[in-house]
Amino acid sequence: MNKTIRRAAVFTLLLVFALLIRATWVQFYEGRALADDQDNRRNAIETYAEPLGDIVVAGEPITGSARTKSGDLAHKRTYDDGPLYAAVTGYASQSYAPTQLEGIYADLLNGTDPRLRTVMDTVTDGRAEPGTVVTTIDPAVQKAAYEALGDKKGAAVAIDPRTGRILAAVSTPSYDPTALTDANTAGEAWEKLNADPDKPLVNRALRRPLPPGSTFKLVVAAAALEDGLYASVDERTDSPDPYRLPGTVTDLGNENPNAPCENASIRVGLQYSCNNVFAKMAVDLGQDKVRAMAEEFGFNDATQDVPVRAHTSVYPSDMEPSQTAQTGIGQFDVTATPLQIAMVSAVLANDGELVSPHMVSRITDGGGDVLKDYDDESTTRRIVSSSTAEQLTSAMQTVVDEGTGSNAQMAGATVGGKTGTAQHGENNSKTPYAWFTSYAESDATGEEVAVAVVVEQSDAARSEVSGNGLAAPVAKAAMEAALAD
């Protein structure tokens, strides 16, 4: 063999070896990545080859599957009362990545979760029967809050303080997830929903943090009592009215100039929502102590899963004293989700303890066997002392019985609450946000519920925007449904 042929043979052999090495690399190292790629059509075909498992509310599925009329995707997702439960379920779409519970439990619901596989599935390499997601949602509470919000832009969250079970998670305006399930029609619906200025795809209950306004005064009051700055909610505070923000020439007044806010006690300060009391209290405590208490309640927690990842509620740092004063009334850079504010009321209603909030009770395999029980695995953590919780719930009762939260009064129940009206826009140029957070205990059964409501926008005149006027009636509707016999 001459030298030229020999060199050509060696070069060809090297090319063959290179191809074999590349093929081996793709098969054994890149194969999984290619298989899992969201653009791999085979994944969608496999996912929708069979009906998906269901999401269940109060023993009844609120999801289903239907045969498609054409194409290579045999089934599509369907929803019962889709707009009512959209903030809970999210959507499973043939065209877009799943969201909310549909996204978190996608593998369970499509049968690819390894925990679902039986011995026979392993032998035949078949797809397992899909599992089920059982939620903690109470349909009566969900519907009551949804209907009470109506055409307002806002959200509501209801929690059982003793168990941490989320009874309602409502976001309005809502959308029908069914519109996004079919690949043939999803594109048009997607464009329309994303172009909507009201942003119906945003989960306002869990993923839309806003300034909490005066509802945050409960956190400041808890910090003051826990720190010993004041021994009781009925001790008079050192609170000039108006209160000049430190280092400025700006006087902070109160919504009601005739309210008895000068040196008012915490009880009276909450009753009349006295800004001077809590702005001064935040400065006296200092930002570090207020932040520490806020973080005990759940602020600044970037891993708050219920199991949907909630947006972080924020208490800021590195502030000037004047800014710390503004945080005392839930302004400056303080933000919170309705979930977070509901957790504040839940802690106080539960003797100062926080039971980890969750909206999934359990997940099961295709045969109904429990794979994970979230109710049994919930944790309890003390946030404030029993004394602090008792005093603040008593003060919250005064807010409802004699103060700014009168629209939450209920027959047959003890109710406590706190209103909030948060500034919006530069120099408060836009319509304020209306908040209400509350708890109720049935006089007959002892059952409890904690609720937070925010109304971002309504058809009410600006002068009529208030936590008591807009948000408290929604909270009342949810609490009545939760405590109904």
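Biologist: How does α9 pass α11, in a left-handed or right-handed crossing?
Modeller: In this predicted model, α9 passes α11 in a left-handed crossing (the near helix is turned anticlockwise from the far one by less than a right angle; clockwise would be right-handed). Helices here are DSSP runs of H or I with at least four residues, and strands are E runs of at least two.

Biologist: At what angle do those axes cross?
Modeller: Helix α9 (residues 217–227) and helix α11 (residues 275–285) cross at roughly 50°, and their axes come within 10 Å. Axes are fitted to C-alpha atoms, for helices over the stretch in contact, and angles run from 0 to 180 degrees between N-to-C directions. That makes α9 oblique to α11 (under 35 degrees is roughly parallel, over 145 roughly antiparallel, 65 to 115 roughly perpendicular, the rest oblique).

Biologist: Which residues make the contact?
Modeller: From α9 come Lys217, Val220, Ala221, Ala223, Ala224 and Asp227, while α11 brings Asn275, Phe278, Met281, Ala282 and Leu285. Contact means heavy atoms within 4.5 Å. The residues divide into eight nonpolar, one polar and two charged. Asp, Glu, Lys and Arg count as charged, Ala, Val, Leu, Ile, Met, Phe, Trp, Tyr, Cys and Pro as nonpolar, and the others, Gly among them, as polar.

Biologist: And how do α7 and α17 pack?
Modeller: Helix α7 (residues 139–149) and helix α17 (residues 467–483) sit with axes 8 Å apart, at an angle of about 160°. That makes α7 roughly antiparallel to α17, and their crossing is right-handed.

Biologist: What meets what there?
Modeller: Ala140, Val141, Ala144, Ala145, Ala148 and Leu149 of α7 meet Val474, Ala477, Ala478, Ala481 and Ala482 of α17. That contact has eleven nonpolar residues, no polar and no charged.

Biologist: New topic: which residues touch the most other members of the largest nonpolar core?
Modeller: Ile266 and Phe297, out of 82 residues. A nonpolar core joins buried Ala, Val, Leu, Ile, Met, Phe, Trp, Tyr and Cys through side-chain atoms within 4.5 Å. Another core, of 31 residues, lies apart from it, and includes Met410, Val449, Val474 and Ala481.

Biologist: Why is α3 called largely enclosed?
Modeller: Seven of the eight residues of helix α3 (residues 82–89) are buried, so α3 is largely enclosed by the rest of the structure. Buried is under 20% relative accessible area, exposed over 50%, partly exposed in between (1.4 Å probe, protein chains only). Among the partners of its buried residues are β4 (75–79) and α7.

Biologist: Any ground rules?
Modeller: Residues are numbered from 1 along each chain, and side-chain values use heavy atoms, without hydrogens and water. Local features need pLDDT of at least 70, side-chain atom pairs count only at pLDDT 80 or more, and totals for chains, interfaces and linings use all residues.
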